[in-house]
2 protein chains.
Amino acid sequence: MRHVSHANKGQNVTELATTGTDLPRLRELNSLSIVRALRDHPPSTVTELSQRTGLSRPAVDVIAQGLVSDGWATVLEPGASSAVGRPARRYQFRAGAGYVLGVDVGVHKILALLADLDGNIVQTVRQSVTAEAAPAERLAVLDEVVTACVAGAGKTPGDIWAVTAAVTGAVDASGRTSFFTPLPGWKSVNLAAHLGTHFSCPIVVENDCKLAALAEQWKGAARDADDIVYLLAGMRTGAGLIIDGVLRRGFGGAAGEIGALKHVRWLNAPEHLQNCPGVPATVSPDDAAAWVFNAAREGDRAARAAVNRYVKDLAVGAAALVLTLDPQVVVFGGGFSRSADLVLDPLRNELQRLCLRMPDVRASTLGADSVALGALKLSLNEVDVRLFSAGLSAPVAPRRQ
Amino acid sequence: MRHVSHANKGQNVTELATTGTDLPRLRELNSLSIVRALRDHPPSTVTELSQRTGLSRPAVDVIAQGLVSDGWATVLEPGASSAVGRPARRYQFRAGAGYVLGVDVGVHKILALLADLDGNIVQTVRQSVTAEAAPAERLAVLDEVVTACVAGAGKTPGDIWAVTAAVTGAVDASGRTSFFTPLPGWKSVNLAAHLGTHFSCPIVVENDCKLAALAEQWKGAARDADDIVYLLAGMRTGAGLIIDGVLRRGFGGAAGEIGALKHVRWLNAPEHLQNCPGVPATVSPDDAAAWVFNAAREGDRAARAAVNRYVKDLAVGAAALVLTLDPQVVVFGGGFSRSADLVLDPLRNELQRLCLRMPDVRASTLGADSVALGALKLSLNEVDVRLFSAGLSAPVAPRRQ
């Protein structure tokens, strides 16, 4: 259930390589270094791979052919287009060797993304669910969505190498949201065990804010940063923290839960929007915030005042995170990030007033899909960790231990 | 001026070792692995070193003798005491190959510790300074203390391999406390440059709370933990954060500065003690808190109420850190930790009320020396990083680049 970091990856390799006593293992390490060199790059020639890994050309040649027959790589035969000399064949990481799933088990929707090992999304399935749905109902929708996603891509559960499911609330060591969850009856749900009835690969359950932070670092607004505070701003406010490049869960999985401290004002901040005077009775409570943001954008004074009060409260909790962690970037994400145009400047002003060192404040570029995308990324990380620490055999889906 | 982490240490070594093309470099890596195996252990035989490193006994024998002639190791010839067989000679890391300094440039005192490369303290020099002292005066006391510390150990500045100086206030990228410092005129002081007139080795300037946290992890109350929130509690309240085993500075050096946010109540928390009714006029403001703690211990009602109000405010900022980071351990350190008997239980009760997951709350075991001790540890880390990444030659003090 835990986030799998890459921190100690190099260490094991070092110890094994420097002993120099275990040659089959060294050959496997060399295969791994070729896979790694392929994975991070466009199709590459033997010469390029040799330069990149420090292995000799003949060694790379043998290893690359082995990787092709094992299913880790494909060969791109040279076209006739090259004018100079005999063009070399190139090798490419076979991203379709396996697939991963990222699922957002949200309050209002279930969203599943299926991607190959390069993270290319090949299937997306989304279905609404009501906030009040009991666990059995939510799990039934989850089953439908996941089944449709895998089948829709023409795959079977056995093709899936890792599954990550995002939930609202901090995830404890048992994979449950026992500290807090807004979903009725959800505290005791063992989501990993439930998904385990579909898949035999590793399954991770993780907090939605943490995964959204990972997504912003991967493909979003904070790709250039290693120290990131991500704010999931909507009818609830949460945070995900990336420190020195790594998503941090805390000792018990409850990092980022600053919102639980009433002194920093996140608990009631969205109420400024929900209770804004002038919201028509025909607008549902779930849609009130969007109405207020729109009205504020059109100059409505009460709506503007409500947005300002909201941002002032949001900024207190954000300042607590910034003063604690001194991040490079604060990403304003979640549902309200659609209204970043109204929030970012006043948020910056408040943070400037409250903080010692001002971070870069940016709007999320991923919107509502960030949570599922982060889940996908954690699945890819899980595959990487197994691939580059457990060793290399022919590509098959790993099984949980 | 930055904290030097060990994060990428293994990585470089891996790349060099797996290429297998650079044999002299590999021999040096093997020497390094023997030094490392010696450094972390009691005196060891060739057999033990061979088992520990995976290198062959003949290779270890040659390398160990080279390390002795280079000055990295000493030989312990076997005594006659062993009854079975011929006792083997043992090798020991030569901790006296170099020395490091840790200096606490405090508000009220300058404290310098000198230690060998194993961290054994061989000299301690302490001198008071007034809180109002101008930078020139404080630096003059620092010079005296440092000079006395080095000379008192029978060493010269050239014997010192690393110097770390602790200051109050977050340390920016230039090594200055430009964000904030309670010391008059200190914001623009370039302490590293000043110390550079004495020493040619690397010099690091770091925040006192961060270094105290490092000390508690090294030799104090949190030796068993990787996720630590350290509270420096005194007339000012600060924090140092260790996450996944590594001291975190933040992107710009200002991590842990939650106290600057008035909402979490640290700014005025000590005033409950200072302004407690009943403190005799003869007690100086600096000593008022100690008086109140003593009176509370003896049952004085006003003093007890003041301590409780102090702890309630302390707990709000502490809860902000705990909810953000979800640490394993909170260490209550700093000057007030002498009164941990009065603080720990009510602090636990407040945190229990405010937090999602309760950390272990402990009193500092290092007291007033924790800051200087942490500075010493950072100097040792600096030596390690250079030793185990820059490569191994005969032991001499490194020079700043």
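## A guided tour of the salt bridges

Begin with Asp360(B), which is partly exposed at 37% relative accessibility. The model on display is a predicted one. With Asp360(B) selected, add Arg362(B): the two form a salt bridge, and their closest N and O atoms are 2.9 Å apart. Arg362(B) has a relative accessibility of 19% and counts as buried, because the limit for that class is under 20%. This pair therefore joins a partly exposed acid to a buried base.

Next, move to chain A and select Asp360(A) and Arg362(A) together with Asp224(A). These three residues are linked in a network of salt bridges.

Before leaving chain A, display the whole chain as a cartoon. Its secondary structure consists of 12 helices and 12 strands. Colour the 401 residues by accessibility: 55% of them count as buried. The accessible surface of chain A amounts to about 16,300 Å², and carbon and sulfur atoms contribute 50% of that area. For a contact map, take the contacts in chain A between residues at least 6 apart in sequence; 67% of these join residues at least 24 apart.

Return to chain B and select Arg39(B) and Asp384(B). Their side chains meet in a salt bridge, with an N to O distance of 2.1 Å. Which helices hold the two residues? Arg39(B) lies in helix H2 (residues 23-39) of chain B and Asp384(B) in helix H12 (residues 370-390) of chain B, so this salt bridge ties together parts that are 345 residues apart in sequence. Are the partners buried or exposed? Arg39(B) counts as buried, at 14% relative accessibility, and Asp384(B) also counts as buried, at 16%.

The next selection is Asp341(B) with Arg297(B). A salt bridge connects them, the closest N and O atoms being 2.7 Å apart. Asp341(B) belongs to helix H11 (residues 340-354) of chain B and Arg297(B) to helix H9 (residues 285-297) of chain B; the pair therefore ties together parts that are 44 residues apart in sequence. Asp341(B) is partly exposed, with a relative accessible area of 49%, where a value over 50% would be needed to count as exposed. Arg297(B) is likewise partly exposed, at 36%.

To finish, show every salt bridge in the model. How many are there over all chains? A search of the whole structure finds 28, including the bridge between Arg39(B) and Asp384(B) and the one between Asp341(B) and Arg297(B).

Technical notes
Residues numbered from 1 in each chain as written. Chains lettered and ligands numbered in written order. Predicted model: local features only at pLDDT ≥ 70, side-chain atom pairs only at ≥ 80, totals over all residues. Heavy atoms only, no water. Helix = DSSP H or I, 4+ residues; strand = E, 2+ residues; numbered from the N terminus. Buried < 20%, exposed > 50% of the residue type's maximum accessible area, 1.4 Å probe, protein only. Contact = heavy atoms within 4.5 Å. Areas by Shrake-Rupley, 256 points an atom, 1.4 Å probe, with all protein chains shown as cover. Salt bridge = Lys/Arg side-chain N within 4 Å of Asp/Glu carboxyl O.
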